[in-house]
Amino acid sequence: MRRLRLAFQLFLYGYLITGVYADAEPNNTLYYFNQESSINNFKELKTTFDRYLLKQGAYSFQPFNDEEAFQEHVRTTSRVIMLVSEWEYRALSRDMALKPLLIAEKEQESTTQRIAVTRVSNSGLEGYIVASAYHPGDAERIASSLLEHANEDALHYLRVPKDLDALMSVGFGMADFALTTREAYEDLVKLNPALAKELKVIQTGKTVLRLIVATSSDSDALSIAELLESMDEHPEGLKCLKMLGIDALNKPSKEALIHLKDNR
Amino acid sequence: MVRILLTLYLSLFCATLYAESMEKKPLVINSNGGVEKYRAAQTSFMEAFGSEAAVIDLGESRWNPKRLKQRLYDDYPDIIYAIGAKAYLAASEYIGEKTIVFSSIVNYRRIAMEPGHFGISEELHSGMQMTLIRHAFPHVKRVALFYTERYTKEWYHALKKSAQQTGIELVGHAVNGVDDTKSAMDAALDGADAFVMLSDPVLLSDTRQVQQLIDRCNERKIPVIGFLDSLAEMGASLVLSTDTPTTGRQAASMITSIRRGQPPAVRVQSPAGSKLIVNLRQIEELQVPYDDDVLQNANRVIQ
């Protein structure tokens, strides 16, 4: 009886210990969703990221194309680490305790601005076909602030694969307005100055942070956060970042943290 | 009094029915739903249109001409979205007087279009093509290509004009056939930073010759840019083509415009969405400079 009790106690302790250890096991997957980007190369993204991350340790990358599925997953996964837009970060923060670990940068800029563009010849701001790379619901949300003149019910959204396509659609007559970023517009100025001259910015939106690496628990995310922060130092890692339209992931500045706390 | 009210009610009821019937659902005719790009266009059209549309898939064996004609006469839709040449020609033949929007027809100019028909070309706007080439290879100054008088002369001239806007000098060499390209190759490539492979039915007729052309360019460290996906597997560094799902959405936009009484100013639009295949393995092998920002916009990266 005594042996039986001892065996049972040993079994119980062993179970508890392994249970605790399993609970402390870090989540080594970086989950990604960005509704403000039409990335239609998910397979490439995952393959390229996994190839790099696996070399650094048992890490992996999981992009999502559907917001509902993404939110459901991160809400039910413990010690989750994610890469999301500022809008998504704020949406999840309403009922999840999130901590921003890293902020994405491009050419040392951690923020970007959305803009609405039309043809210079469209002085009356006529037309209603709006081209953008945003997911449909998000295009409507962004248009409501950037196309204030327009009757929202009359607008028709044409989703295109990339910001450059949205701008060129307006330039070559397939759309009346484009919702895009200031960077994409500045890129077009360099790539095709003659076309860019035919377009004009009619509204500029608020400044938003680029992608945010956030976690629901900070203790287990340090190793993957360090790995992500050093990605730009390796050619293969930089390639992964470039596929997301960024070139670095760095710890948030004081200004970025204030921005996240304010502007709600 | 009751009779008056009843008559008024019936009149209003009939008027409502009439109004509803005026805006019938569009009919989608798909040349062959088994072909992936046709299916992709149909799927994205149905998603974008937000309402049900009837679909006829000409890839199904039951659609013989007699049956198809009967169905089209019975349905007599106000507006048709025709995917592919077979669908467009069938719709034109039987109900050509109706509004038809087509897409996914290679070189639509060879087909006679009737008034009241609109479409989306299969080829990207030349301005879009040159802008994307500049995006991938910002250092390219001089680009060479071959064209034939019969099939691609117009395309060459359009590209040349667009190239000027992006600061690129495009030098075209007219050839009669594939055999001419062998002897003209070295002279054409002299001083070129890149080579564009136009989708010319004559020039692409011999796969072996195409491969030899690409290999020659790669030997000389000159990246090849093409407009057919298969060229990426053959060693082209960059392939630009139409994003088919966007085409379906664009067709939905055109139909919405037509229904609002504001048909597109240009009857045949260029595709609004582009697809990029970046053959990074080839580019790195050639050791030619490229802008890695293009990776963000690539649908596929070959590594």
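How many residue pairs are in polar contact across the interface of chain A and chain B? Let me start there. This is a predicted model, and with both partners at pLDDT 80 or more, the rule finds 15 such pairs across that interface.

And which parts of chain A are doing the touching? The elements that give two or more residues to the side facing chain B are helix H2 (42–56), strand E7 (156–159), helix H6 (163–171), helix H7 (182–191), helix H8 (193–197) and helix H10 (235–243) of chain A.

Okay, some totals. Chain A brings 34 residues to the contact, and chain B brings 39 residues. Put the two chains together and about 3200 Å² gets buried, with carbon and sulfur atoms giving 53% of that. On the chain A side, Lys162(A), Met174(A) and Leu191(A) lose the most area to chain B, and together they make up 19% of what that side buries.

Now the charges. There are three salt bridges across the interface of chain A and chain B. If you want one to look for, try Lys242(A) with Asp293(B), where the side chains meet at 2.9 Å, N to O.

Over all chains, a search of the whole structure turns up 24 salt bridges. One pair inside chain A is Arg210(A) with Glu183(A), at 2.1 Å, N to O. That pair links distant parts of the chain: Arg210(A) is in the loop between strand E9 (199–209) and strand E10 (212–215) of chain A, while Glu183(A) is in helix H7 of chain A, 27 residues apart.

Let's move over to chain B and its strands. Here you'll find an open sheet of six strands, in the order E2-E1-E3-E4-E5-E11, with parallel pairing. Strands E2 (54–57) and E11 (268–269) of chain B are at the edges with a single partner strand each, so one side of each has no neighbour in the sheet.

Further in, strand E4 (residues 99–103) and strand E5 (residues 117–120) of chain B pair in the parallel sense over three bridges, and Ile100(B) stands opposite His117(B) there. Helix H2 (residues 36–49) of chain B lies across E1 (27–30), E2 and E3 (79–83) of chain B, running at about 170° to E1(B).

One more pairing before I stop. Strand E6 (residues 142–147) and strand E7 (residues 169–174) of chain B are also parallel, over six bridges, with Val143(B) opposite Leu170(B). Add helix H6 (residues 153–165) of chain B to E6(B) and E7(B), and you've got a right-handed β-α-β unit.

Methods: Residues are numbered from 1 along each chain as its sequence is written. Chains are lettered from A and ligands numbered from 1 in the order in which they are written. This is a predicted model: local features need pLDDT of at least 70, side-chain atom pairs count only at pLDDT 80 or more; totals for chains, interfaces and linings use all residues. Side-chain values use heavy atoms; hydrogens and water are left out. Two strands pair if DSSP finds at least two bridges between them. Helices (H or I, at least four residues) and strands (E, at least two) are DSSP runs, numbered from the N terminus. A crossover is right-handed if, with the strands pointing away from the viewer, the path from the first strand over the helix to the second runs clockwise. Contact means heavy atoms within 4.5 Å. Axes are lines fitted to C-alpha atoms, for helices over the stretch in contact, and angles run from 0 to 180 degrees between N-to-C directions. Buried area is the accessible area (1.4 Å probe) that two parts lose on being put together, summed over both. A salt bridge is a side-chain nitrogen of Lys or Arg within 4 Å of a carboxyl oxygen of Asp or Glu. A polar contact is a pair of N or O atoms within 3.5 Å; within protein, one must be able to donate a hydrogen and the other to accept it, and residues adjacent in sequence count only if both atoms are side-chain atoms.
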